[in-house]
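Hello,

Here is the structure I promised to pass on to you. Please have a look at it first, and then read my notes underneath.

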Amino acid sequence: MRPTTAVIDLDALRHNFKTIQSIASGSRVIAVVKADAYGHGLAKIAKALPDAEMFAVATPREAYTLRKAGIQQPILLLEGFFEEKELPRIIENDLQLVVHHSPQIDALKRLETDKKIHIWLKVDSGMNRLGFKVEELPQIEQDLMDVECIHKPIRLMSHFASADDPQDGFTSQQIETFLKSTKHLVLERSMANSAGILEAKAAHFDWVRPGLILYGCSPMVGTTGADYGLQPVMNLESKIMSIRNVNKGESTGYGRHWFAEKDTVIGLVAIGYGDGYPRHAKNGTPVWVNGRIVPLVGRVSMDMLAVELGPEHSDKIGDRVVLWGKELPAEKVAAHADTIPYTLSCGVTGRVHFVYREQKSRES
Ligand SMILES: Cc1ncc(COP(=O)(O)O)c(C=O)c1O
């Protein structure tokens, strides 16, 4: 069997969840599990988090997957619904909705149902992505009051644009805008994503919405999850599938992107962009082999990549290689590939073998 594997550590996931609870001790936690739980496996991750008070996903289909898997906690659709015709199934599955623009309110007005839908009114505090502008809010509050099927009280939410940079004063501005524009409303609020949880304590409010930090990575520029007591949940691993000598001046891989500076030895590792390893990772991107970090050399192919083991190496075909995880933070790999850790785990493809690990006797 091809050895390319994502090992998912569910104990690390629960450790991270508890760490989040202690950082945001006055808040309730909405575990963000959209995009297949950031590539970790939607249902498996949600089932491993019985203490999460709510889950958040981006699409109705993700929510139905959770319900089919037996998830009973409330589920929030972070973008609400896309088409009016989806509403009956959304109600049937008891999903909560973010309402971020007026056509959604109009559709809810038209809906004929005896059920009450929990909604979160999204306020645009400056990101200019989804949400109602501050000046629209008085009218929108009024409009919502008239919609029969909406459960009252509603809840409020907003989202940060740049909380991953603690030097950026825009985060405090956004908190102030959110608070000021809604100060007359005695309603529950949610604003903090991972970065807000770690570095914007004033934004913890009633509910926090962690995504990335649940999976053990840090969104804060220049840091890793370990700096905040988090543990990586995904270990992306493979093995050396071939070893070859390369003479000084010779190249390896497509496009002749790297040339040996000395007579050396390279190892071919059974993983490539077809598995989700970033093709744009540069020469020198760290790869863990037998307890040390070696550099990626040459272009990443679809099914394999090359690392420089060096002339003195004692590695063998079949030796374990870690692309990111406990031995090598994904944040460091992401920095070499001009990307963010989010895209690494989300990008792992279906042909990678997933293995879920946890201690048999779990603490309650
Ligand atoms: C509205 C909303 N809340 C929370 C999150 C979680 O963000 P993070 O993974 O940075 O914690 C996201 C993710 O993009 C989001 O879109």
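Please keep in mind as you read that this is a predicted model. I begin with the largest pocket, then turn to the ligand, and end with two points about the backbone.

**The largest pocket**

Among the helices that line the largest pocket, H10 gives the most, with 4 residues. H10 spans 330–336, and helix H2 (34–39), helix H9 (194–199) and helix H11 (341–347) also supply at least two residues each. The volume of this pocket comes to about 760 Å³. Its lining is made up of 36 residues, and those closest to the centre are Tyr38, His159, Asn193, Pro219 and Tyr342.

In chemical terms, 19 of the lining residues are nonpolar, 9 are polar and 8 are charged. Both domain 1 (10–217) and domain 2 (234–357) take part, each with at least three residues in the lining.

**The ligand**

What surrounds the ligand? There are 14 residues around it, and Lys34, Tyr38, Ser194, Gly211 and Tyr342 are the closest. Two of these names may look familiar: Tyr38 and Tyr342 were also listed among the residues closest to the centre of the largest pocket.

For your own modelling, here are the polar contacts made by ligand oxygen atoms. The side chain of Ser194 places an N or O atom 2.5 Å from a ligand oxygen. With Gly211 the contact comes from the backbone, where an N or O atom lies 2.8 Å from an oxygen atom of the ligand. Leu212 also uses a polar backbone atom, and here the distance to a ligand oxygen is 2.8 Å. How much of the ligand's accessible area does the protein cover? On its own the ligand has 390 Å² of accessible area, and the protein covers 91% of that.

**Two backbone points**

As background, most residues other than glycine have a negative phi, and most peptide bonds are trans. With that in mind, please look at Tyr38 again: this residue is not a glycine, yet its phi is positive, at about 50 degrees. Tyr38 lies in helix H2, which is one of the helices supplying the pocket lining.

The other point is the peptide bond from Lys152 to Pro153, which is cis, with omega near 5 degrees. You will find Pro153 in the loop that runs between helix H7 (137–145) and strand E7 (155–157).

Happy exploring, and do write back with any questions!

Best wishes

How values were computed
Residues are numbered from 1 along each chain as its sequence is written. This is a predicted model: local features need pLDDT of at least 70, side-chain atom pairs count only at pLDDT 80 or more; totals for chains, interfaces and linings use all residues. Side-chain values use heavy atoms; hydrogens and water are left out. On a 1 Å grid over the protein atoms alone, a cavity is a set of points where a 1.4 Å probe fits but cannot get out, and a pocket is an open set with protein on both sides within 12 Å along at least five of seven lines; lining residues have an atom within 4 Å of a point. Grid points are joined across faces, edges and corners, and a volume is the space filled by probe spheres set on the points. Ala, Val, Leu, Ile, Met, Phe, Trp, Tyr, Cys and Pro count as nonpolar, Asp, Glu, Lys and Arg as charged, and the others, Gly among them, as polar. Domain bounds come from an automatic or database domain assignment. A residue is near a molecule or strand if one of its heavy atoms lies within 4 Å of it. A polar contact is a pair of N or O atoms within 3.5 Å; within protein, one must be able to donate a hydrogen and the other to accept it, and residues adjacent in sequence count only if both atoms are side-chain atoms. Accessible areas come from the Shrake-Rupley method with a 1.4 Å probe; for residues, only the protein chains shown count as cover.
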